[in-house]
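Please open the model in a viewer and keep the sequence panel visible. The tour below proceeds from the whole chain to individual selections.

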Amino acid sequence: MKKIKALAFFAAFSGSLLAADPSPKIDVEKAKDIYGPCAACHGEFGAGGKKGEYPRVAGQHARYLYDQLKNFQSQHRVNIPMIPYTKERELPEEDMKLVADWLATVQLSTKMPEFKGDEDALTRLNMVEKVMIIPRVTGDIEKGGVVYQEKCGSCHGRQGMGRGLFPMLTGQYTTYLKKQIDIYLRAERPHEDEDAKVTVLKEISADDIQNILAYLTTLQTSE
């Protein structure tokens with residue numbers, strides 16, 4: 001009987017270990033404090049701003065965000081406004097990892113909120129600021145989808161959600177994406193997979209790039 005109870009206890013204990021969340025807990029308050037200076041450009045909730053002058057960072061992959069912060073710090077990727085915020089004394093490595101991990105968890109709705117009528121003005125404003133809807137742009141959506149799946153989907157995901165070092169494209173400002181494509185093509189920004197990816201971009205016509213951007217704006221349907 002004692003042996004059976006011991007086995008039962010071991011099984012229950014093992015089950016609790018398997019059910020436990022193996023990922024480290026994020027210190028959200030500390031992450032928000034680190035992110036504070038970034039909010040001036042990227043918004044309180046990481047939605048970016050000025051119609052794509054500052055990109056969306058909310059929901060982006062943590063590994064990609066961390067690597068870009070490191071690139072800004074080393075100036076491997078040159079961006080003048082980011083230099084003072086990513087200097088080592090301003091943003092040590094552990095802070096980069098923490099803020100990247102936190103931003104990856106921030107979800108922005110693609111639907112306008114439904115107000116109940118008892119919210120104050122500030123609450124309503126905050127609810128609206130958590131919404132991220134990218135306006136549709138002109139282009140051949142069907143053709144853009146075909147070209148995207150053929151040329152881009154294997155790295156950035158079939159739904160544009162990215163993975164690892166390849167950023168999420170869905171829900172990003174199309175103006176920002178176009179700007180980055182142009183910078184890549186002018187060799188002003190290094191690419192993580194320089195040979196393969198820049199070659200792919202060079203194979204896509206300007207019209208098809210616009211078609212791809214139009215297609216990406218149709219992928220904002222899931223919450």
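**The whole chain**

Begin with the surface of the entire chain: about 13900 Å² is exposed, and carbon and sulfur atoms supply 57% of it (areas by the Shrake-Rupley method with a 1.4 Å probe; for residues, only the protein chains shown count as cover). This is a predicted model, in which local features need pLDDT of at least 70, side-chain atom pairs count only at pLDDT 80 or more, and totals for chains, interfaces and linings use all residues. Residues are numbered from 1 along each chain as its sequence is written, and side-chain values use heavy atoms, with hydrogens and water left out.

Switch to a cartoon view. The chain has 12 helices and zero strands (DSSP runs numbered from the N terminus, helices being H or I of at least four residues and strands E of at least two). Of its 223 residues, 39% are buried (buried is under 20% relative accessible area, exposed over 50%, partly exposed in between, with a 1.4 Å probe and protein chains only). Among contacts (heavy atoms within 4.5 Å) between residues at least 6 apart in sequence, 63% join residues at least 24 apart.

**Helices 4 and 6**

Select residues 62–74, helix 4, together with residues 93–105, helix 6. Their axes come within 8 Å and cross at roughly 140 degrees (axes are lines fitted to C-alpha atoms, for helices over the stretch in contact, with angles from 0 to 180 degrees between N-to-C directions). To inspect the interface, display side chains: from helix 4, A62, L65, Y66, L69, K70 and Q73 meet E93, M96, K97, V99, A100, D101, L103 and A104 of helix 6.

**Helix 12**

Next, select residues 206–216, which form helix 12 and include D208. This helix is mostly covered, with eight of its 11 residues buried. Its buried residues pack against helix 8 (141–151) and helix 10 (174–185); among them are I209, I212 and L216.

Is D208 buried or exposed? D208 counts as buried because its relative accessibility is 13%. Leaving aside residues up to four places away in sequence, D208 touches K143 and V147.

**V128 and its surroundings**

Finally, select V128, which lies in helix 7 (residues 121–129). V128 counts as partly exposed because its relative accessibility is 31%. Add M112, F115 and I133 to the selection: with V128 they form a nonpolar patch on the surface, with about 350 Å² of accessible area together.

Terms used. Patch = residues over 30% accessible without salt bridge, like charges linked within 9 Å, V, L, I, M, F, W, Y side chains within 5 Å. Salt bridge = Lys/Arg side-chain N within 4 Å of Asp/Glu carboxyl O.
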